[in-house]
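Let's look at a model and ask how its labels are earned. Each answer sets a value against a rule and sees what follows.

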Amino acid sequence: MKFSVKKLTTTAMLAALSYIVMVFVRIPIMPAAPFLEYDPKDVLFVLTGFLIGPVEGCVVVILVCLLEMVTVSTSGPIGLLMNVIASLCFVLPAAFIYRWKKTLPSAIIGLAVGVFTMTASMLLWNYLITPLYTGMPREAVAAMLPTVFLPFNLIKAGINMAITLIIYKPVSILLHKAKVLEYKEKNPVPAVAGDTQNNTDGSKGKKKFTPLAIIIGVVLLVICIAAIFIIRNFG
């Protein structure tokens, strides 16, 4: 990718926002494991991957996770490695698939693959590593995999997918209108909201906004919130 001051500035801005939301938005989801907290930094990571590229998304992941380790985290290098693996497993599949073809189906497929890979990697991580740094018997950790770690990671990744679908298109439009990012000649506007090639008046260049991605994101977010409610009250 060619060097661009605008892209570098946007990447830095998204990294800063990722760190801020990580510090101030931390929500426990599982009553059985209050140390498992949701934070929305992965949303900003995947936005970086969608808006700028997978490499920049990867850089932001590593930078913010390093800052988290030295400022607010108490889990040290093991926590750093866990955060990096989890975020990369979510961000990279989504960013690469969306970069291959910038359409709503590609965005949904990429984000869904990210949800699956992140959840699977964290199940493996928790089974192998959690007993080593918590002192919990491996049998106890194994028993928590289907009842605690699996639903937590599915809900966390599902919320991240939902919020990404809701805010990506408005953020993309805002940044392009502000000329923070520039349209590409072959693909003037990212098409994550199910846009068409031309406007209804036949003009070319900018694509018509449709709210389909936002609707899908809202439905998914409602499902995740309902799952949290069920777990907290009946789990």
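## Rings, helices and burial

Both phenylalanine 50 and tyrosine 98 are buried. Keep in mind that this is a predicted model.

Q: What makes the pair of phenylalanine 50 and tyrosine 98 tilted?
A: Two rings pair if their centres lie within 6.5 Å, and here the centres are 4.4 Å apart. Planes under 30 degrees apart would be stacked and over 60 edge-to-face, with the rest tilted. The planes of phenylalanine 50 and tyrosine 98 are at 35°, so the pair is tilted.

Q: Which parts of the chain does the pair of phenylalanine 50 and tyrosine 98 tie together?
A: Phenylalanine 50 sits in helix 2 (residues 41–51) and tyrosine 98 in helix 4 (residues 76–100), so the pair ties together parts that are 48 residues apart in sequence.

Q: Why is the pair of tyrosine 98 and tyrosine 168 called edge-to-face?
A: The ring centres are 5.9 Å apart, and the limit for a pair is 6.5 Å. The planes of tyrosine 98 and tyrosine 168 are at 85°, and over 60 degrees counts as edge-to-face. So edge-to-face is the right word for this pair.

Q: Where do tyrosine 98 and tyrosine 168 lie?
A: Tyrosine 98 is in helix 4 and tyrosine 168 in helix 6, so this pair ties together parts that are 70 residues apart in sequence. Both tyrosine 98 and tyrosine 168 are buried. Ring pairs link Phe50, Tyr98 and Tyr168 into a cluster, and the count of aromatic pairs comes to three.

Q: How do you know that helix 2 is largely enclosed by the rest of the structure?
A: Check its residues against the cut-off: buried means under 20% relative accessible area. In helix 2, 11 of the 11 residues are buried, so the helix is largely enclosed. Among them are Lys41, Asp42 and Phe50.

Q: What do the buried residues of helix 2 pack against?
A: They pack against helix 1 (5–24), strand 2 (37–38), helix 3 (54–71), helix 4, helix 5 (104–134) and helix 6. After helix 2 comes glycine 53, whose phi is positive, near 160°.

Q: Why are helix 6 and helix 7 called roughly antiparallel?
A: Helix 6 (residues 138–177) and helix 7 (residues 212–234) have axes that come within 8 Å and cross at roughly 155°. Angles over 145 degrees count as roughly antiparallel, and therefore helix 6 and helix 7 get that label. Their crossing is left-handed.

Q: Which classes of residue make up the contact of helix 6 with helix 7?
A: By class, there are 18 nonpolar, two polar and no charged residues in this contact. Helix 6 brings residues including Ile155, Gly158 and Leu165, while helix 7 brings residues including Gly217, Leu221 and Ile228.

Q: What makes asparagine 153 count as buried?
A: Asparagine 153 lies in helix 6 and has a relative accessible area of 4%. Buried means under 20%, so asparagine 153 is buried. Leaving aside its neighbours within four places in sequence, asparagine 153 is in contact with Met118, Thr119, Met122 and Asn126.

Q: How many helices and strands does the protein chain have?
A: The count comes to seven helices and two strands. From the N terminus on, they run α-β-β-α-α-α-α-α-α. Of the 235 residues of the protein chain, 43% count as buried.

Key:
Residues numbered from 1 in each chain as written. Predicted model: local features only at pLDDT ≥ 70, side-chain atom pairs only at ≥ 80, totals over all residues. Heavy atoms only, no water. Axes fitted to C-alpha atoms, helices over the stretch in contact; angles between N-to-C directions. Helix = DSSP H or I, 4+ residues; strand = E, 2+ residues; numbered from the N terminus. Parallel < 35°, antiparallel > 145°, perpendicular 65-115°, else oblique. Left-handed = near helix turned anticlockwise from the far one by under 90°. Contact = heavy atoms within 4.5 Å. Nonpolar A, V, L, I, M, F, W, Y, C, P; charged D, E, K, R; others polar. Phe/Tyr/Trp six-rings, centres within 6.5 Å; stacked < 30°, edge-to-face > 60°. Buried < 20%, exposed > 50% of the residue type's maximum accessible area, 1.4 Å probe, protein only.
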